[in-house]
Amino acid sequence: IGQLGHVDIAQLVRSARPGWLLVALAGSAVTYLATTVVYLGVVPERLRIWRTLAVQLATSFANVMTPASVGAMALNTRYLSRAGVPAALAAATVALAQVTGAVSYVSMLVGSVVITGSRHDIAFTLPRIAVVIAGTVVLALLIMLSIPKLRTPAIDRARVVIGQLIPRLVTFAQNPWRLAAALGGQVLVNIAYIATLNACVT
């Protein structure tokens, strides 16, 4: 948000090529539609399509005010709970959606590296803020686990979530249509983001 304060958005819109602007808007819209398909795939319970789409639109605003994807995960968990999914199972379902996203992202990344032949000299440096956040989370977990009054309920809650996640994973893996919807939706999300970025920088 702070960066946008130094950008003349009106001037950017006026100087943009109409064709590429439409491509960027279309690509952005597809990301929400694809994410909706993902949740329709990973959630066995019946969800309303348009309400699910509206929630995905709302997550973009939630992510502005929270660290990466935390707002979206919290909002989707709340939405599933309101839709009748038990709280622990809702959290497990959102985690499953994130897992399918990671699988599709890594698969596409490896595939692109193999196709372009750039398997060597790949350099990647984590941002300092990411290292700080990760270290803080790990330290907080270690402190929590060292205190019996905090450790016991945390372990009990983790057992409940894992106990409900495993059956859901099995059910999900045994349904080819839901599997295709979730993984295909995640692939479409990545492709739409790539198309949107390309349109914006062209």
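Here are four short exercises with worked solutions on the structure above.

This is a predicted model, where local features need pLDDT of at least 70, side-chain atom pairs count only at pLDDT 80 or more, and totals for chains, interfaces and linings use all residues. Residues are numbered from 1 along each chain as its sequence is written, and side-chain values use heavy atoms, with hydrogens and water left out.

**Exercise 1. Find how many helices and strands the protein chain has.**

Step 1: Helices (H or I, at least four residues) and strands (E, at least two) are DSSP runs, numbered from the N terminus.
Step 2: With that rule, the protein chain has eight helices and zero strands.
Step 3: Reading along the sequence gives the pattern α-α-α-α-α-α-α-α.

**Exercise 2. Check whether the length of H2 agrees with its number of residues.**

Step 1: The expected span of a helix is 1.5 Å times one less than its number of residues.
Step 2: H2 has 25 residues, so a span of 36 Å is expected.
Step 3: The end C-alpha atoms of H2 are 37 Å apart, which agrees.

**Exercise 3. Work out which residues touch the most other members of the largest nonpolar core, and which helices supply it.**

Step 1: Buried means under 20% relative accessible area, exposed over 50%, and partly exposed in between (1.4 Å probe, protein chains only). A nonpolar core is a set of buried Ala, Val, Leu, Ile, Met, Phe, Trp, Tyr and Cys residues joined through side-chain atoms within 4.5 Å.
Step 2: The largest core has 16 residues, and Tyr39, Val42, Val43 and Leu80 touch the most other members.
Step 3: Helices H2 (18–42), H4 (70–82) and H5 (87–116) each supply at least two residues of this core, with the largest share, five residues, coming from H5.
Step 4: Now look at Val42, one of the buried residues of H2. Leaving aside neighbours within four places in sequence, Val42 is in contact (heavy atoms within 4.5 Å) with Thr93, Leu96, Ala97, Arg168, Phe172 and Ala182.

**Exercise 4. Decide whether Thr52 and Glu45 are buried or partly exposed.**

Step 1: Thr52 sits in helix H3 (residues 49–65), while Glu45 lies in the loop between H2 and H3.
Step 2: Thr52 has a relative accessible area of 0%, so Thr52 is buried. Glu45 has 28%, so Glu45 is partly exposed.
Step 3: Leaving aside neighbours within four places in sequence, Thr52 is in contact with Thr36, Tyr39, Leu40, Leu47 and Tyr79.
Step 4: Not counting residues up to four places away in sequence, Glu45 touches Val85, Leu89 and Arg168. The C-alpha atoms of Glu45 and Val85 are separated by 7.5 Å, although these residues are 40 residues apart along the chain.
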